[in-house]
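Visitor: Before we get into details, can you walk me through this one and justify the labels as we go?

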Amino acid sequence: MRVFVTGASGHIGSVVVRELLSAGHQVVGLARSDASAATLKTAGAEVRRGSLDDLDALREAAATAEGVIHLAFKHDIAFTGDYAGAVAADLRAIEAMGAALEGSGKPFVGTSGTLSLAKAVSGRAATEDDVLPSGPRIDAENAVVALGKRGVRSSVIRLSPTVHSALDRQGFVPSLIAMARKNGFAAYVGAGANRWPAVHTLDAARLYRLALEKAPAGSRLHGVAETGVPFHDIAEAIGRGLGLPARSVSAEDASRYLGFLSAFAQLDDPTSSERTREILGWRPTHPGLLADLAERHYFEAAAQAP
């Protein structure tokens, strides 16, 4: 299958590209920069220059592909004050590519996150059947699912907040490590009993390939290997890795010590992937989050950071 991939040179996208190529698919990757283009060429993928703002290019690339995986998101502006702008750009890109695929029966795999369910589901693990009517990024998720009724074999993968591995350089875990180094301790809020699901990058990449190949139209899927790791345990593991203590902070002081992650760090987000595993036969096999932190690659990378 000839597959168009956005976000193809990123943390997850670069592994998805390798997973697809290893399975015999052809890949055309979207690249904004010369560096991204070179990375894709080295991996064995074709390059399509452009960005999420190039809607005509996105339509053309989707129309000439046999499937699309959409991983790109404007994280650079989302975490520097223009989250609404990043969300809007994502939705426009989905609508453009979706329109090009309409009536084709081709697969379109989009990306969302499990954290959006944290405030809507309580007292149990969130499932693939839990749906929110609207909201930032939720509108994009719902737009992907709606393509299933427009002749597109669409699916959306809700990723865990921690997609972890030695390839993770800019996700939540590196951010938490950087904050701990700055603070002199690894912070958690209150008792830190709130839970975050997690998945290894390599397991997530395999899930994207399986979704492309056989997810039913209109599917919601969960990129979750561990249902919920207590945030206290994550902070303790980060503290051990840095040789620092883990320390509780109050909700009022959370923003002082956890910055832009302060609200996320207080969310309880246990999430099940039972339905996803049943539908696709997906079985995560790589180390869990705490085991991955114990391997020390995160801290070696942090030590080399400026």
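Visitor: Let's start with Arg296: what makes you call it partly exposed?

Guide: Its relative accessible area is 36%. Buried means under 20%, exposed over 50%, and partly exposed is in between, with a 1.4 Å probe and protein chains only. So 36% puts Arg296 in the middle class. Bear in mind that this is a predicted model: local features need pLDDT of at least 70, side-chain atom pairs count only at pLDDT 80 or more, and totals for chains, interfaces and linings use all residues. Residues are numbered from 1 along each chain as its sequence is written, and side-chain values use heavy atoms, leaving out hydrogens and water.

Visitor: What makes the backbone of Arg296 worth a look?

Guide: Phi is near 80° there, a positive value in a residue other than glycine. Most residues other than glycine have a negative phi. Arg296 sits in the loop between α12 and α13. Arg137 also has a positive phi, near 70°, and is placed in the loop between β5 and α6 (138–146).

Visitor: How do you know what counts as an element such as α12?

Guide: They're DSSP runs, numbered from the N terminus: helices are H or I over at least four residues, strands are E over at least two.

Visitor: Then what makes β5 and β6 a pair?

Guide: Seven bridges join β5 (residues 107–113) to β6 (residues 153–159), and the two run parallel. Two strands pair if DSSP finds at least two bridges between them, so seven is enough. Within this pair, Val109 has Ser155 as its bridge partner in β6.

Visitor: Where do those two strands fit in the sheet order?

Guide: The order is β3-β2-β1-β4-β5-β6-β10, an open sheet of seven strands with parallel pairing. At the edges are β3 (46–49) and β10 (219–223), each pairing on one side only. Neighbouring strands are turned by 20° against each other on average, direction ignored. Helix α5 (residues 83–101) packs on this sheet, touching β1 (2–6), β4 (67–70) and β5.

Visitor: How is α5 directed against β4?

Guide: At about 175°. Axes are lines fitted to C-alpha atoms, for helices over the stretch in contact, and angles run from 0 to 180 degrees between N-to-C directions. So about 175° reads as roughly opposite directions.

Visitor: And why is the link from β2 to β3 called right-handed?

Guide: β2, helix α2 (residues 34–43) and β3 make a right-handed β-α-β unit. The name is used if, with the strands pointing away from the viewer, the path from the first strand over the helix to the second runs clockwise. Four bridges join β2 (residues 26–31) to β3, in parallel, and Val28 stands opposite Glu46 in β3.

Visitor: What about the sheet with mixed pairing: which strands stand at its edges?

Guide: That open sheet has three strands in the order β7-β9-β11. β7 (162–164) and β11 (226–230) are at the edges, each with a single partner strand, so one side of each is left without a neighbour in the sheet. The twist averages 40° from one strand to the next. β9 and β11 run antiparallel, joined by three bridges.

Visitor: Why is Asp203 called buried?

Guide: Its relative accessibility is 0%, so it counts as buried. Asp203 lies in helix α8.

Visitor: What makes Asp203 and His286 a polar contact?

Guide: Their side chains are joined at 3.1 Å. The term covers a pair of N or O atoms within 3.5 Å; within protein, one must be able to donate a hydrogen and the other to accept it, and residues adjacent in sequence count only if both atoms are side-chain atoms. Glu19, in helix α1 (residues 11–22), has a polar contact too, of 2.6 Å between its side chain and that of Arg209.

Visitor: Last one: which residues touch the most other members of the largest nonpolar core?

Guide: Leu176, Trp196, Phe231, Ile234, Ile238, Leu258 and Leu293, out of 32 residues. A nonpolar core is a set of buried Ala, Val, Leu, Ile, Met, Phe, Trp, Tyr and Cys residues joined through side-chain atoms within 4.5 Å. α7 gives the most to this core, with six residues. Leaving aside neighbours within four places in sequence, Leu293 is in contact (heavy atoms within 4.5 Å) with Val173, Ile234, Ala237, Ile238, Tyr298 and Phe299. Another core lies apart, with 31 residues, including Ala8 and Ile157.
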